[in-house]
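This report describes a single protein chain in careful steps, with the sequence and the coordinates shown below.

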Amino acid sequence: MSRRCELTAKGPQVGHKVSHSNIKTKRRFLPNLCNVTFISDVLGRNVRLRVSTNAIKSVDHNGGFDAFLLKARADNLSPRALDLKRAIEKKRAAAAPEQQAS
């Protein structure tokens, strides 16, 4: 399983561990990933994704899971999240004509 956020594409970064004697050795900074269940109002179901804690805050800030996915750029999303985004857009497009008719 890759260590990459499915919503923001955050991944491992590299840097140095610096000792007291200033010896630098390579190390990896891993993102803080959590398994989270989001509720999609448009799709009417729960979605389980592996995302960073930063992404959880971003989802809350942008007004929920559906709103975050609609605003997110496609190149940052994982293939699973991209499928969800397309499904949400499709459902919203199908619901829009029904609302205008009534």
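## The loop at glycine 64

Glycine 64 sits in the loop that links helix H1 (53-61) to helix H2 (65-71), in what is a predicted model. With a relative accessibility of 23%, glycine 64 falls into the partly exposed class, because buried is reserved for residues under 20% and exposed for those over 50%. In sequence, glycine 64 is separated from aspartate 41 by 23 residues, while the C-alpha atoms of the two are 8.9 Å apart in space.

## Overall architecture

The chain holds three helices and four strands, and read from the N terminus the order of these elements is β-β-β-β-α-α-α. The radius of gyration is 18 Å, well over the 13 Å that the globule rule gives for 102 residues, so the chain is more spread out than a compact globule. The spans of the C-alpha trace along its principal axes are about 75 × 20 × 20 Å.

Of the 102 residues, 27% count as buried. When contacts between residues at least 6 apart in sequence are considered, 40% of them join residues at least 24 apart. The exposed area of the chain comes to about 7200 Å², and carbon and sulfur atoms supply 50% of that area. The chain carries 20 positive and 8 negative charges, and the mean positions of these two sets are 14 Å apart.

## The hairpin of E1 and E2

Strand E1 (residues 13-18) pairs with strand E2 (residues 24-29) in the antiparallel sense, and six bridges connect the two. Among the bridge partners, valine 14 is matched with arginine 28 in E2, and glycine 15 is matched with arginine 27, also in E2. Five residues lie between the strands of this hairpin.

Which residue in this hairpin takes a positive phi near 70 degrees? It is asparagine 22, which lies in the loop between E1 and E2 and has this positive value although it is not a glycine. The relative accessible area of asparagine 22 is 48%, and the residue is therefore partly exposed, given that the exposed class begins over 50%.

## The hairpin of E3 and E4

Strand E3 (residues 33-40) and strand E4 (residues 45-52) also run antiparallel, and they are joined by eight bridges. One of the pairs across these strands places leucine 33 opposite serine 52 in E4. This hairpin has four residues between its strands, and within the hairpin glycine 44 takes a positive phi near 70 degrees.

## Backbone angles to check

Most residues other than glycine have a negative phi. Against that background, two residues deserve a look in the coordinates. Alanine 9, located in the segment before E1, has a phi near 65 degrees, a positive value in a residue other than glycine. Is alanine 9 buried, partly exposed or exposed? Its relative accessibility is 24%, so alanine 9 counts as partly exposed.

The other residue is asparagine 22, where phi is positive at about 70 degrees without the residue being a glycine. Asparagine 22 belongs to the loop between E1 and E2, whereas alanine 9 belongs to the segment before E1.

Conventions
Residues numbered from 1 in each chain as written. Predicted model: local features only at pLDDT ≥ 70, side-chain atom pairs only at ≥ 80, totals over all residues. Heavy atoms only, no water. Rg over C-alpha atoms; globule rule 2.2 N^0.38 Å. Buried < 20%, exposed > 50% of the residue type's maximum accessible area, 1.4 Å probe, protein only. Contact = heavy atoms within 4.5 Å. Areas by Shrake-Rupley, 256 points an atom, 1.4 Å probe, with all protein chains shown as cover. Lys, Arg positive; Asp, Glu negative; His and termini not counted. Charge placed at Lys NZ, Arg CZ, Asp CG, Glu CD. Pairing = 2+ DSSP bridges.
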